[in-house]
Amino acid sequence: MATCPPYPTNPPRPHWWQRGWVRYGALTTLLAISGLVILALVREQTGTQGFLVGLGLAVLPVPLLIAAFRWLDRVEPGPWRNLVFCFAWGACAAALIAIIANSFATRWIATATADPAGADTLGATVIAPVVEESAKAAAVLLVFLFRRRDFTGIVDGVVTAGVTATGFAFTENILYLGNAFGTDQLTGDSGFASVTAATFFVRVVMSPFAHPLFTVLTGIGFGIAALSTGRHHLRRALLPLGGLLLAMGMHALWNGSAAFGEYGFLAVYGAFMVPCFGLLTWLVIWTRQRELRTVREELPAYVMAGWLAPAEPHTLASMHARRLARQYARRHAGKQAARAVAQYEAYATSLAFLRQRGRKGRAGPDFAVRERELLDALWHRRDVARPALDHAARATAPPPVAPWPGYGTPGSHAGYGYGYGYGYAAAAYAGYGYAARPGGFAPVAPYGGYGHGHPAPAAPAFTPAWVPAPFPAHARSRPAYPSAHPAPHQPLPRRP
């Protein structure tokens, strides 16, 4: 009878080029060299004074753009190291590739056609969009391939692509503004009539979102590919390519608007760029609201299993309630507690997305391992996070109204259900719990305020030691881990 081979006790060690520190070191070295080279090239073209003026003006829109993309990513915030890599790649590697490739191609076309003016126009409308969007898309591809756990949907693609393009636009603006300042130094112009002021108005005031808008199309393609199942290999390959082609086309239209006549730029800006920006903004915000709905719909399964308190799915699905929980933790227990609550919120959101992918057949082979990691992370932070989330749930609870018959905790006069049977009791919204039924939810002992009509404390207090031990004394009451992929008709097992 055939038997399974034993699990290897000593797995083979990875080759030296597969080790993490080797890859990080090589990537850091590449970006550092690219940064030094691009710094030298830009300074050579603009001069030291022009470089400093361009740097001071080009940095102004960067914090606003980074904050906007970070705001979009607040539902499931990705690690900062990914954003730092994307910005550095756009500002250093992508900008260096673009400068070298665009200059070489334009000079080659000018030599071959003996038409420098036509070569400049062709380089701006054809060569530059292809080279620049491909260079920026390389960062999105690297994050998609090597940080797949952090790249789960459209919002992740938008944020990754947008931050990369922000870094690229930062370096490009230094070059353009520095050259404009040099021109003003030669002509003696200054003030609002100078070339520097006009360049600043067009590139920083009117269109700071231009490069991010182009590259976001590539990010959306990668984001939709991340949502596709593993068996759709052709779709996963064509969607990013289609997004890249759209980015190149929009970039070419933007660069070629100057050739459409005196008002060509304003026509393209008003009739095309602004509506596209509004449409993509609506799409990203709608996707963000859909992510919050996923949190609200997927986490109740873990409430039934005993991992989460009954009110947490509703609280974690509200950005306002999340902010209130972090503020409460900071006010009562300091910055470390607020950081722990933020981590709890992020891990719970990742858990909801993971379960959704498992239900839809998109989870990878490490589904069970990843789910266990997230559940352990939540369990170790629950002592500090649950009182804060409880406060946020009370603060954002709807006003009491007359109940529908059969809903809420028996004996209460206003029980609010949220689709999964957990509601707020009427008196001071105190009594989070499932409606009474055979085999109802049994809360964890330290949180007796949750459950069947037991009053919750008016102001839950943090435990003195806000960081629980790796294996707390109540670890024996830890709920059981699920053993298989979730299914809509197969809920997770209950807590023992």
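The legends below accompany an overall view and several close-up views of a predicted model.

**Figure 1. Overall view of the protein chain in the predicted model.** The protein chain has 496 residues, of which 47% count as buried, and its secondary structure comprises 14 helices and two strands. Among the contacts with a separation of 6 or more, 74% are accounted for by residues 24 or more positions apart. The surface that the protein chain exposes amounts to about 24,900 Å², with carbon and sulfur atoms supplying 67% of it.

**Figure 2. Close-up of the packing of helix H7 against helix H8.** The axes of H7 and H8 come within 7 Å and cross at roughly 170°; because angles over 145 degrees count as roughly antiparallel, the two helices H7 and H8 are described as roughly antiparallel to each other. The crossing of H7 and H8 is right-handed. On the H7 side the contact is made by Ala-210, His-211, Leu-213, Phe-214, Leu-217, Thr-218, Gly-221, Phe-222, Ile-224 and Ala-225, which meet Arg-236, Leu-239, Pro-240, Gly-243, Leu-244, Leu-246, Ala-247, Met-250, His-251 and Trp-254 on the H8 side. By residue class, this contact of H7 with H8 divides into 14 nonpolar, five polar and one charged.

**Figure 3. Close-up of the packing of helix H4 against helix H8.** Helix H4, spanning residues 116-146, and helix H8, spanning residues 233-255, cross at roughly 145°, and their axes come within 9 Å. H4 passes H8 in a right-handed crossing. From H4, the residues Ala-124, Thr-125, Ala-128, Pro-129, Val-130, Glu-132, Glu-133, Ser-134, Ala-137 and Phe-144 meet Arg-236, Leu-244, Ala-247, Met-248, His-251, Ala-252 and Asn-255 from H8. The residues of this contact of H4 with H8 divide into 10 nonpolar, four polar and three charged. Among the H8 residues listed here are Arg-236, Leu-244, Ala-247 and His-251, and these residues of H8 also meet H7 in the packing of the previous figure.

**Figure 4. Close-up of the packing of helix H12 against helix H14.** Helix H12 (residues 319-333) packs with helix H14 (residues 367-395) at an angle of about 130°, the axes being 8 Å apart, and H12 and H14 are therefore oblique to each other. H12 passes H14 in a right-handed crossing. The residues Ala-321, Leu-324, Ala-325, Tyr-328, Ala-329 and Arg-331 of H12 meet Pro-387, Ala-388, Leu-389, His-391, Ala-392 and Ala-395 of H14. The contact of H12 with H14 involves 10 nonpolar residues, one polar and one charged.

**Figure 5. Close-up of Val-216 in helix H7.** Helix H7, which spans residues 210-227, contains Val-216; this valine has a relative accessible area of 6% and is buried, because the limit for that class is under 20% relative accessible area. Leaving aside neighbours within four places in sequence, Val-216 is in contact with Phe-69, Val-158, Ala-161, Gly-162 and Leu-280. The C-alpha atoms of Val-216 and Val-159 are separated by 7.8 Å, although the two residues lie 57 residues apart along the chain.

**Figure 6. Close-up of Leu-175 in helix H5.** Leu-175 lies in helix H5, residues 154-187, and is buried, with a relative accessible area of 15%. Beyond residues up to four places away in sequence, Leu-175 touches Val-42, Gln-45 and Thr-46. Leu-175 and Gly-54 are 121 residues apart in sequence, yet their C-alpha to C-alpha distance is 6.8 Å.

**Figure 7. Close-up of Gln-356 and Gln-343, each with its place in helix H13.** Gln-356 is found in helix H13, residues 335-359, and is buried at a relative accessible area of 15%. Not counting residues up to four places away in sequence, Gln-356 touches Thr-294, Glu-298 and Arg-362. Gln-343, also found in helix H13, is partly exposed, with a relative accessible area of 30%. The C-alpha atoms of Gln-343 and Ala-377, which are 34 residues apart along the chain, are separated by 8.6 Å.

**Figure 8. Close-up of Asp-120 in helix H4.** Asp-120 belongs to helix H4 and, at 48% relative accessibility, counts as partly exposed. Asp-120 and Thr-106 are 14 residues apart along the chain, with their C-alpha atoms separated by 6.3 Å.

How values were computed: Residues numbered from 1 in each chain as written. Predicted model: local features only at pLDDT ≥ 70, side-chain atom pairs only at ≥ 80, totals over all residues. Heavy atoms only, no water. Axes fitted to C-alpha atoms, helices over the stretch in contact; angles between N-to-C directions. Helix = DSSP H or I, 4+ residues; strand = E, 2+ residues; numbered from the N terminus. Parallel < 35°, antiparallel > 145°, perpendicular 65-115°, else oblique. Left-handed = near helix turned anticlockwise from the far one by under 90°. Contact = heavy atoms within 4.5 Å. Nonpolar A, V, L, I, M, F, W, Y, C, P; charged D, E, K, R; others polar. Buried < 20%, exposed > 50% of the residue type's maximum accessible area, 1.4 Å probe, protein only. Areas by Shrake-Rupley, 256 points an atom, 1.4 Å probe, with all protein chains shown as cover.
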